[in-house]
Amino acid sequence: MAISYKDSGVDVERGYKAVELMKKHVKSTYDANVLGDIGSFGGFYSITGEKMEEPVLVAGTDGVGTKLKYAFLADKHDTIGIDAVAMCVNDIVCQGAKPLFFLDYFATGKLSPETVATVVSGIAEGCRQSGCALIGGETAEMPGFYPDGEYDIAGFAVGIVDKKKVINGQSIEPGDALIGIASSGVHSNGYSLVRKLFGDENKEELTKYDERLGDTPLNVLLTPTKIYVKSILDLISKVRVKGIAHVTGGGFFENIPRIFPEGIGCEIDKNSYEVPPVFRVMQERAGITDAQIYNTFNMGVGMVVCVAQKDAQETVKLLSASGEKAFVLGKTVAGKGVTLL
């Protein structure tokens with residue numbers, strides 16, 4: 001008796017259907033530089049139109065982590081792709097790079113064409129928000145590897161910047177201003193702790209309105225990661241930006257010092273902005289100190305931009321004009337690490 005690929009749990013017909021369903025979302029991200037079409041063995045993107053003396057490609061890769069557990073619980077798959085794109089493009093724009101294209105990887109035990117197409121619709125939305133093209137990806141059906149109804153997604157982005165305009169933090173000195181840009185919430189980091197504090201199985205509890213949160217916990221925890229690309233690119237075209245930190249896992253203590261040269265630390269004024277309620281709720285449930293929670297979550301600050309003190313107010317003004325909530329978060333000092341004031 002013959003045993004087919006389908007008998008083993010992989011149905012190529014479902015894969016074909018998934019490709020058909022996602023095509024319109026993928027094509028919505030194309031620009032004039034995209035060559036070829038979905039379904040090729042590789043994605044093609046032309047950079048001949050870039051007016052740069054020494055073009056440098058900048059790449060970043062990431063996933064969404066266990067935030068996916070909440071998407072599964074809510075059966076909501078249209079925004080998790082935004083997170084996948086955001087985690088990559090927010091990283092590469094920190095070097096001053098304009099994202100060019102994105103590729104995704106979607107893996108599941110049993111492929112649901114409708115679910116993967118919905119996830120890809122979110123990926124396409126993230127690409128549109130960041131001005132990059134979704135030029136390819138991989139959909140893997142892996143029977144027995146993932147629980148029913150679950151999947152994993154990851155991706156990578158490639159951007160471009162002129163070598164002389166790379167932002168690397170080397171010119172940062174004591175007394176520079178640190179400008180915070182508000183996050184949309186928890187973003188896509190620290191969800192192993194989030195799930196321990198809120199749980200990830202009791203849908204009834206997670207869908208109850210919480211007065212402190214101003215919404216249900218599930219809605220708050222599924223809020224997509226904010227994409228800062230267009231605001232940052234506009235800013236660096238008008239102000240000399242010395243360094244940019246994307247505040248992800250490890251919070252303030254790990255991410256902000258990554259942009260400083262040797263001998264530079266910073267002071268952060270915790271009262272310079274309003275911390276979103278979800279972080280205070282988690283801090284109380286966990287019983288942890290400020291230092292511990294600022295070393296885990298973004299605490300309402302998704303990006304930190306370093307500029308000369310004389311450019312601080314102009315930076316806040318420009319970011320606000322781009323639709324961001326921006327504020328002077330602190331300053332650099334001689335020393336090392338992060339001090340919370």
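1. Let's start with the two domains: in this predicted model, the C-alpha centres of domain 1 and domain 2 lie 25 Å apart. Domain 1 runs over residues 8–165 and domain 2 over residues 176–340. Their contact draws on 29 residues from domain 1 and 32 residues from domain 2.

2. A word on the area, which you may want to look at yourself. The size of an interface is often given as the accessible area lost when the parts come together. Here about 2500 Å² is buried between domain 1 and domain 2, with carbon and sulfur atoms giving 68% of that area. On the side of domain 1, the residues that lose the most area to domain 2 are Lys67, Tyr70 and Leu73, which together account for 30% of what that side buries.

3. Now the polar side of the story. How many salt bridges does the rule find across the interface of domain 1 and domain 2? The result is zero. Polar contacts are found, however: 10 residue pairs are counted between domain 1 and domain 2, with both residues at pLDDT 80 or more.

4. Which elements of domain 1 each supply at least two residues of the side that touches domain 2? They are helix 2 (68–74), helix 3 (80–92), strand 4 (98–108) and helix 4 (113–130). Helix 3 gives the most, contributing eight residues. By residue class, this side of domain 1 divides into 14 nonpolar, eight polar and seven charged residues.

5. It is worth setting the UniProt record beside the domain division. An unreviewed entry carries the annotation "domain: PurM-like N-terminal" for residues 56–161. In the model, that span is 36% helix and 37% strand, and its end C-alpha atoms lie 5 Å apart.

6. The record also has an entry for the later part of the chain: UniProt lists residues 173–339 as "domain: PurM-like C-terminal", again from an unreviewed entry. The chain over residues 173–339 is 33% helix and 22% strand, with 16 Å between the end C-alpha atoms.

7. Finally, a residue you might like to inspect: Glu50, which sits in the loop between strand 2 (44–45) and strand 3 (55–63). Leaving aside residues up to four places away in sequence, Glu50 touches Lys98, Leu100 and Ile160. Glu50 and Asp162 are 112 residues apart in sequence, while their C-alpha atoms are 9.4 Å apart in space.

Key. Residues are numbered from 1 along each chain as its sequence is written. This is a predicted model: local features need pLDDT of at least 70, side-chain atom pairs count only at pLDDT 80 or more; totals for chains, interfaces and linings use all residues. Side-chain values use heavy atoms; hydrogens and water are left out. Domain bounds come from an automatic or database domain assignment. Contact means heavy atoms within 4.5 Å. Buried area is the accessible area (1.4 Å probe) that two parts lose on being put together, summed over both. A salt bridge is a side-chain nitrogen of Lys or Arg within 4 Å of a carboxyl oxygen of Asp or Glu. A polar contact is a pair of N or O atoms within 3.5 Å; within protein, one must be able to donate a hydrogen and the other to accept it, and residues adjacent in sequence count only if both atoms are side-chain atoms. Helices (H or I, at least four residues) and strands (E, at least two) are DSSP runs, numbered from the N terminus. Ala, Val, Leu, Ile, Met, Phe, Trp, Tyr, Cys and Pro count as nonpolar, Asp, Glu, Lys and Arg as charged, and the others, Gly among them, as polar. UniProt positions are given in the numbering used here, feature names are shortened, and annotations may be inferred rather than shown by experiment.
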